[in-house]
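Please walk through this structure with me, beginning at a single position in a helix and moving from there to the packing of helices, the nonpolar interior and the loops.

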Amino acid sequence: MILEEIQKIEKRLDLNLEKFGRKKVSMGEPIKIYIIDDEKQFHGLSTQWRKLTEIAEAPVYMTFEWISSWWKHFGKHPKRSLYILAVYRGAEIVSIVPFFKGVSSIGPVNIQQRLNLMGSGVSKNEVLGFSDDYGYSDFLDVIVHPDYKKEVAEEVADLLLLNPMGADLISFQHISDESFIATEILPLLDEKKGFYQLEKTDECPYIPLPDSLNKYKNDLGSSSRRRRFKKNLKPIGKKYSVEKVVSWGTVQKGLEELFELHQDRWNSLGYPGLFFDKRYYDFIKELCQKAVDNEWLWFRIGKDQEGTCAVRLALNYKGRFYDWLTGFDMTSPVSDYSPGLGLLALMIKDAIESGADRIELLRGDERYKFDFTKKTRSNWRLTIPSNKEGTVVQKLLNQGLKKVAKIYAQLNLERTLLKVQYEQVGPLRMIFSYANFRTQRLIEKLKATKLFK
């Protein structure tokens, strides 16, 4: 048993609850929190993890499949280590707080130790890691058995405020309005007068699904939305065909087409695109194979007379569709019919017919999403700094490293953008193309702030 293995090494967190005027009162077995910082124990927890995520109705981003693949491709680093908190009541696991620890250091001197949720964004250089937390997981959270929400919330809130882990900073990225952290833990932090910082990071539109397509059309509200939905769905089977991708062999081929379409589009606009980072390329392929094995994958390819015109990929997990990735050919003969949006309309139809309750359109307030829905929620970043006193030298080094990290991150971005221009137009035109790209982005930003017309 994984619990017995954890108990053998006795890595357990004990809280001084009297500091909060609260004495532990439990019905039956008391709650105990164990630290999992070993790869073998992490993978040994997989069965219980899967069972808990199912009971908790957690999002796909909290599944063992997603988290373990994320750790393999993004998390592993000499300056990072697992720091998963497994919360047990007796032999039953009731919560998982999937932290990892990142350390910034100069030589033997540790400048900052951070606890972040697994699935967060991470820099390739963890020394500068606290400048980069914008990852590819849309909704992260603490996984909790629904029968133990109140008890676990109390334990975790006290844990964050007492901080027996010794972290200089505890950070939760991509937590939604609906998360356990937002609905259960944040109110307790306020009640206990704990200091934290909360920042809104993203809008996340979603489509609540009724029991019929006609009801969905009526729920769209305006007649213009209904017309656009019908316009997107109508060309399928007439102007272009749609191939359903199921087997791993066809999925692999479809992914290569998706990667190419996605990169061609964003590179032509001057952006690096998601797959410029090979870590993400490898992560997607591994996750898709797991999704095929678990029958979570919704994958469709649009075909015109010249070949592939659009690709759309989603995850169908526990009655909820996650609209994950898309690519389309802007030069296709059927591009005027918006085949990418046609595949999204088809997904909505399929999701309703399968009995799903929601389609998550994920981060971003792109205009097309609001042609399909009026509903949205928000993602947040919660950070809790340590109240421990550091040395003057540590504080100065910390502040200096933050500034260096920001400069490094910006220089790395500009280097990437230059590389994209080099690959698009060659070395002679690279600088002029880059300057034009940056000028256009600056004008767009000024227009958005109404400072420039």
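**From one helix into the core**

Helix α9 is where serine 268 is found, and in this predicted model that residue counts as partly exposed, because its relative accessibility is 44%. Leaving aside neighbours within four places in sequence, serine 268 is in contact with Gln263, Met330 and Gln424. A further long-range relationship involves glutamine 421, which is 153 residues away from serine 268 in sequence, while the two C-alpha atoms are 8.8 Å apart in space.

The background to this local view is a chain of 453 residues, of which 50% are buried, and which contains 13 helices and 14 strands. Among the contacts in the chain with a separation of 6 or more, 73% are between residues 24 or more positions apart.

Helix α9, which spans residues 248-268, has helix α10, residues 278-294, as a packing partner: their axes come within 11 Å and cross at roughly 150°. Since angles over 145 degrees count as roughly antiparallel, α9 and α10 are therefore roughly antiparallel to each other, and the crossing in which α9 passes α10 is right-handed. On the α9 side the contact is made by Trp248, Val251, Leu255, Glu256 and Phe259, and on the α10 side by Tyr281, Ile284, Lys285, Cys288, Gln289 and Val292. Sorted by character, the residues of this contact comprise 8 that are nonpolar, 1 that is polar and 2 that are charged.

One of the α10 residues in that contact, Ile284, also leads into the interior, for the largest nonpolar core has 91 residues, and those touching the most other members are Phe42, Phe99, Phe172, Ile284 and Trp324. In soluble globular proteins, nonpolar side chains tend to be buried together. What does tryptophan 324 contact, once its neighbours within four places in sequence are left aside? Its partners are Trp66, Tyr280, Phe283, Ile284, Leu287, Cys288, Leu313, Ala314, Leu315 and Leu362, so that two residues of the α9 and α10 contact, Ile284 and Cys288, are found in this list as well. Apart from the largest core lies another one, of 21 residues, which includes Ala314, Ala345, Met347 and Leu361.

**Three positions in loops**

Asparagine 163 is placed in the loop between α5 (149-162) and β7 (169-176). Is this loop residue buried or exposed? Its relative accessibility is 12%, and because buried means under 20%, asparagine 163 counts as buried. Leaving aside neighbours within four places in sequence, asparagine 163 is in contact with Asp158, Ile170 and Ser386.

Lysine 318 lies in the loop between β11 (307-317) and β12 (320-328), and its phi is near 55°, a positive value in a residue other than glycine. Because its relative accessibility is 53%, lysine 318 counts as exposed.

Serine 338 is found in the loop between β12 and α11 (339-354), and although it is not a glycine, it has a positive phi, of about 50°. At 29% relative accessibility, serine 338 counts as partly exposed, the category that also holds serine 268 in helix α9, with its 44%.

How values were computed
Residues are numbered from 1 along each chain as its sequence is written. This is a predicted model: local features need pLDDT of at least 70, side-chain atom pairs count only at pLDDT 80 or more; totals for chains, interfaces and linings use all residues. Side-chain values use heavy atoms; hydrogens and water are left out. A nonpolar core is a set of buried Ala, Val, Leu, Ile, Met, Phe, Trp, Tyr and Cys residues joined through side-chain atoms within 4.5 Å. Buried means under 20% relative accessible area, exposed over 50%, partly exposed in between (1.4 Å probe, protein chains only). Contact means heavy atoms within 4.5 Å. Axes are lines fitted to C-alpha atoms, for helices over the stretch in contact, and angles run from 0 to 180 degrees between N-to-C directions. Helices (H or I, at least four residues) and strands (E, at least two) are DSSP runs, numbered from the N terminus. Angles under 35 degrees count as roughly parallel, over 145 as roughly antiparallel, 65 to 115 as roughly perpendicular and the rest as oblique. A crossing is left-handed if the near helix is turned anticlockwise from the far one by less than a right angle, and right-handed if clockwise. Ala, Val, Leu, Ile, Met, Phe, Trp, Tyr, Cys and Pro count as nonpolar, Asp, Glu, Lys and Arg as charged, and the others, Gly among them, as polar.
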